[in-house]
Amino acid sequence: MSEINKHLNKRIRKKELYHLGTALPFILPGLILVSIFVLYPMLFTIRISFSEYQIVKREVTWLGLENYISIFTDNNNRIWYAVRNNFLYAIITAPCIIFLGMLFAFLINNLRRGRTIFKVGFYLPVITSWVIVGLVFQYMFNSSNRGLINYIIVDVLHLSKDYIPWLLREWTGNFAIWLMGIWKNTGWAMLIYMAALQGISKDLYEAASLDGATAWQKFHRIVMPLLKPTTFYVLVNMLIGSFNVFIQVMLLTSGNPNGKTTVLQYLLYDRAFNQFQFGEASAIGMITSITILALTLLLNRGFKLDSADKEDTI
Amino acid sequence: MKYKSKKLSEWTMQILLWILLLIALAVFSIPYIFMISNSFEQFSFSLPYPPRMIPKEFIFDAYQYILSLDIFSTALWNSILNTILTVAIQVVIATLSAYGFARIPFPGRELIFKLYLFTLMVPGFLNIIPQFITLSNMKLPIESLQGGLVGTRAGLILIYVSTGVCGYTFFLRGFFRGLPDALSESVIIDGGTHRTIFTKIMLPLSKPALGTMTLFALQGIWEEYFTAKVLLGSNEAMITLPMLLQRLNGQHATRWEWVFAASIITQIPIILLFILFQKKVVIGGLAEGSIKE
């Protein structure tokens, strides 16, 4: 029995080595770059999160958990507001982006003429520089009568008597941040869905049409199940994106009033590049990473993609 | 009769679709229209009231001013070079990696791939500090490169390519796995190698996915600001378009028409590329018709 096992093991190992040999030319260039410029920096961040780091002298002093403690004992509770806002951002923007992206992609895909106009039109926000989008939104949400939103609400629709200081209040500020996120990312989701829809065989639609399926039935029964892996891809991206929200906050509210619109990434940026507290910034980075990892694992369970992933091809 | 009514309902359906999409697009375009119309304004230290969605007259002064700047042509050239070089290298490396992960069951595949996925979840911009240090340690025996690769185009592109590998590998791997196995199996049966499968089957079938990836990569690098700012710093000769936009914004907070004009000029090439690409790339079913049943 053990003889057979030994023999089998030997054969398996030989096969594995063969596969490794054939795989190396394919994966090595990427792996080297990732190791030097992505994985090593990550390990560095872990180390710095337990230390005090002085960038000029490049000195690392071990501190233990001090950075983490000082983050959680901050007087203004900024870390808690940041976590709350990240979760709210994810819960509010991700479903909107996925729904709108899938809907637009499906509608456009069913058009006979003019696909390009809509595709490019909805994609424009994605290819617009974040900095510029931020400026435009800042201008639109201006607190005075010069802002487009206030002008429409007060001067045109007369919904409110006073001009709203959008970016200076907790919830209106958060609203502007969410809106900008939805506006900026819907086109991206749409494009991914369109690429996926192109992969769905036309025979399926035709067969469904022959059987008298309505547009909704086609969408619900054919498109949505086949788009499940794509939705997973979009969802993971949006979720990770939600915990990487940064530029909106920096450009629109700077986390004000008093950190109530802040997010983890803005907090991290503020600690690292305004206050040069790289240790605390790294600790915030660690907290963010762990949160995202946990969420993604949960999602993975939910979608049961793990089992499909383990099937070997060839 | 039945045929006619079916055709008619098809028409109303199309018109309904158009109306629905037009309304959605109109709402989506508000910020864009706002930006374009304001690039034709002439701000004199205050914003106009009421806010304008359509410019009173088309004044091109802001565009002329931006195009006449010397630093604008420098930034344009740098952005073009950085973007093209980065994306070209990225496409090659990511395609190779994705194939390896999708089709060759080498030992450690799951582990490395999970590691790649993990890096995608970690907030990227803390990495800039160790990346900066690593680049500064990469010293070459050349007089002008005393600071290592910091402040150089090569250094910036190296970081851009590296940080893109994981994401694009993930994206393309998913696509490769979606391609029918039957094709590659037939190659194996005929005694072909992975190289044959890769170049003769995967690459031709992957044009839409590669196009999509190229598009994302082009747009991402073209607008990238933070990494360029940190790695290139004050090196005036290396300034990129987003760096220039930010500088315009900082210097002339009240001259919004300059900022908006410059940003529209910056975006035109990307918009044009997108229109061209999407026509060529995303046509028809991906693997449709490549297998005869």
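Okay, one definition before anything else: two rings of Phe, Tyr or Trp count as a pair here if their centres lie within 6.5 Å. With that in hand, have a look at this cluster. A:Tyr40, A:Phe44, A:Tyr53, A:Phe246, A:Tyr266, A:Tyr269, A:Phe273, A:Phe276, A:Phe278 and B:Phe226 make up one aromatic cluster. Notice the chain letters: B:Phe226 is in there with residues of chain A. And please keep in mind that this is a predicted model.

Let me stay with chain A for a bit. It has 14 helices and 2 strands. Its radius of gyration is 25 Å, whereas a compact globule of 314 residues would come in near 20 Å. The C-alpha trace spans about 85 × 70 × 30 Å along the principal axes. As for burial, 51% of the 314 residues of chain A count as buried.

Now salt bridges. How many are there over all chains? The count is 4. One of them joins A:Glu170 and A:Arg84, at 2.8 Å from N to O. That one links distant parts of the chain, with A:Glu170 in helix H7 and A:Arg84 in helix H3, 86 residues apart. A:Glu170 is buried at 18% relative accessible area, while A:Arg84 is partly exposed at 27%.

Another is A:Arg271 with A:Glu280, 2.9 Å from N to O, and here both residues are buried. Over in chain B, B:Arg247 and B:Glu236 form a salt bridge with their closest N and O atoms 3.1 Å apart. B:Arg247 sits in helix H11, and B:Glu236 is in the loop between helix H10 and H11, 11 residues away. Are these two buried or exposed? Somewhere in between: B:Arg247 is partly exposed at 33%, and B:Glu236 is partly exposed at 40%.

Back to rings. Over all chains there are 40 aromatic pairs. One I'd like you to find is B:Tyr65 with B:Trp258, which is stacked, 4.0 Å centre to centre with 20° between the planes. B:Tyr65 is in helix H2 and B:Trp258 in helix H12, so this pair ties together parts that are 193 residues apart in sequence. B:Tyr65 is partly exposed, at 29% relative accessibility, whereas B:Trp258 is buried, at 13%.

Compare that with B:Phe101 and B:Phe113: the centres are 5.5 Å apart and the planes sit at 50°, so this pair is tilted. The residues come from helix H3 and helix H4 of chain B, 12 residues apart. B:Phe101 is buried, with a relative accessible area of 1%, and B:Phe113 is buried as well, at 4%. B:Phe113 also has a charge over its face: B:Arg173, at 3.9 Å from the ring centre. Chain A has a case with a lysine, where A:Lys184 lies over the face of A:Trp130 at 4.6 Å from the ring centre.

While you're in helix H2 of chain B, B:Asp61 is there too. B:Asp61 is partly exposed, at 40% relative accessible area. Its C-alpha is 13 Å from that of B:Ile265, though the two are 204 residues apart along the chain.

Last stop, the surface. Which residues form the nonpolar patch in chain B? They are B:Trp11, B:Ile15, B:Ile19, B:Ile23 and B:Val27, with about 540 Å² of accessible area together. B:Ile19 lies in helix H1, which runs over residues 2-39, and B:Ile19 is partly exposed at 45%. It qualifies for the patch because patch residues need over 30% relative accessible area.

Technical notes: Residues numbered from 1 in each chain as written. Chains lettered and ligands numbered in written order. Predicted model: local features only at pLDDT ≥ 70, side-chain atom pairs only at ≥ 80, totals over all residues. Heavy atoms only, no water. Patch = residues over 30% accessible without salt bridge, like charges linked within 9 Å, V, L, I, M, F, W, Y side chains within 5 Å. Areas by Shrake-Rupley, 256 points an atom, 1.4 Å probe, with all protein chains shown as cover. Salt bridge = Lys/Arg side-chain N within 4 Å of Asp/Glu carboxyl O. Helix = DSSP H or I, 4+ residues; strand = E, 2+ residues; numbered from the N terminus. Buried < 20%, exposed > 50% of the residue type's maximum accessible area, 1.4 Å probe, protein only. Phe/Tyr/Trp six-rings, centres within 6.5 Å; stacked < 30°, edge-to-face > 60°. Lys NZ or Arg CZ within 6 Å of the ring centre and 35° of its normal. Rg over C-alpha atoms; globule rule 2.2 N^0.38 Å.
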